[in-house]
Amino acid sequence: MGRMAARVDSAEALAADALDWMVGSVPSDDHSLYSGGAGVVLALLEGQRHFGDDRYGDAALRRAAALVDTDDCSLYFGLTGTAVAQRSVDRLLGVGEAGRAADRALRIVRSRFDGRRWGDMFELLFGNAGIALGALHAGDPELAVLAVEPYLDTADKTPGGVNWAVRPSPPRSHHIAHGTLGIVYALAAVGAAAGRDDFLAPALAGAADVVSRNEAGPDGFLVPHSDPQHRPELIERYSYGWCNGPAGDAQVFRLLGALTGDAAWTALGDRCWHTLTRSGLPHRVRPGFWDNNGRCCGTAGVLALACDRHVEQGTPLDFAHVLVDDLIARATVDAKGARWSNHEHRVTPSDLPPEAGWAMGNAGIVRELLRFVRLTRGTDPAYAVPWPDHPPAMAPKVS
C-alpha cells in the first residue's frame, strides 16, 4: 500500500473512531451549533452518509430530539443553529418532526426580532449576519432578508470602504466570525438568493475596507484582528484560522468570486493561501501560535480551504496531507474511540479536555477528514450537509 493510500485509510478509520466516541459520549447541556449538540448532529449525519451506517443516523436523531429551546437566537449559540440541525435531519433522514421543530425555532427567532437586531452583538457568530445565513440554510429566505436589511443603513464609511459596529465597545473587527467579512458574506449570500441587488454594493465596500488593511504585502494577505485591538491582553493581533484569519477570509473571497465572476477575488484567495502555507502552521512555532485542531481556529478549518481549492482550482493536495498527518498524530485513540485535545499555554495543565462539538472538537474535524477521504479517492467531495457560511466548492465547467 502506498503512503498516500495508507494516510487516507488512516484518516477514514480515525474519523470513524471519532464518530464512535461522540456516539458514546454523554450529551452536555450545550445545544449550540458552535460547541454543542446541534453541531454534533451535523457531524453524525456526515458519518451516516459517508459510511452508510445507520448507527450514526440513529444517533443524529436522538441528539436532535434532545435539542432544547434557548433564549439565544443566534446561529452559533442559539435557536437558529438548532433550526439548521433540525432541518438537516428532516432533509437527509426524512423526519418530519425535525422539520416541524425547525419551523418552530425560526418562528421564535422571528418573534424576538426588534426590527433591527437580536442583541448587543451585530455580526455572524452571535448576531444578524449569522441568523440571516442560518435562516437561508433552513428554508426561510424572508427572515434572512429581515436580518440583513439593517446593515444597509448602519454601515460607517472608512478610508477603504465601510465597516460596522459589531459590539458595544469601540473596536471594529475585520474577519468572518465577529467582523466585517461575516457581514459581507451574509449580505452577498442573501442578496444573491433573494434577488436583492442592493445588498451587493455594501458587501463589496465592506470587503474593500478589509482588503485595504492587508499587512502582508502584494503576495500575501494578513489583516489584524481588530482596530483598536479588542482585548489585547487576551487576543493576539494576528491569527490564521477560519474565525479571524486568512482561512476564513478566503472563504468570503470565494463567495464573492463566484457571485461576481471577478478574478480579483480569486487572486485574493491565492494570497490568503500564500500566507497560510508559509506561516508555519500546523506546527506550534511559539506558545499560543497554533494550539487548536478544530474547525473554528485550528487545523480542520485550513483543511476545508485546502480541499475547496483543490476542487475549484486544481491546487495540489500537498498541504492538505500535511494537515491530515498532523490531525492523525494529535489524536487520542483508545477503546472509547478517538478525540482531540487542544492546548492552552497560559494555564496549567495546558492540554484541555477533548470536546465533541464543531468549533474545537470532533464534529468539525470529522467533517473535514471524511471529505478529504472522498476527495482523494475520487468520489463525491460534497458535504452531506453544507454549512451556512461555507460556499460549496464547484469544479470548473468544461467548455
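Axes are lines fitted to C-alpha atoms, for helices over the stretch in contact, and the angles between them run from 0 to 180 degrees. The views below come from a predicted model.

**View 1. Helices α6 and α8 cross each other in a left-handed way.** The axes of α6 and α8 come within 9 Å, and the angle at which they cross is roughly 35 degrees. On the side of α6 the contact is formed by Ala129, Ala132, Leu133 and Leu136, while α8 contributes Gly182, Ile183, Tyr185, Ala186, Ala189, Val190 and Ala193. Sorted by class, this contact of α6 with α8 holds 10 nonpolar residues and 1 polar residue, with no charged residues.

**View 2. Helix α8 runs through residues 180-194 and ends before a glycine.** Because each residue should add 1.5 Å, the 15 residues of α8 are expected to span 21 Å, and this agrees with the 21 Å that separate its end C-alpha atoms. The residue that follows α8 is glycine 195, which has a positive phi, near 70 degrees.

**View 3. Helix α8 is mostly covered by its surroundings.** Of the 15 residues in α8, 12 are buried, and among them are Thr180, Leu181, Val184, Leu187, Ala188 and Gly191. The elements that cover the buried residues of α8 include the helices α6, α7, α9 and α10, together with the strands β2 and β3.

**View 4. Domain 1 and domain 2 meet in the protein chain.** The domain assignment places residues 1-76, 86-112 and 286-398 in domain 1, and residues 115-279 in domain 2. Taken over C-alpha atoms, the centres of the two domains are 23 Å apart, and 43 residues of domain 1 are in contact with 38 residues of domain 2.

Key:
Residues numbered from 1 in each chain as written. Predicted model: local features only at pLDDT ≥ 70, side-chain atom pairs only at ≥ 80, totals over all residues. Heavy atoms only, no water. Helix = DSSP H or I, 4+ residues; strand = E, 2+ residues; numbered from the N terminus. Expected span 1.5 Å × (residues − 1). Buried < 20%, exposed > 50% of the residue type's maximum accessible area, 1.4 Å probe, protein only. Contact = heavy atoms within 4.5 Å. Left-handed = near helix turned anticlockwise from the far one by under 90°. Nonpolar A, V, L, I, M, F, W, Y, C, P; charged D, E, K, R; others polar. Domains from an automatic or database assignment.
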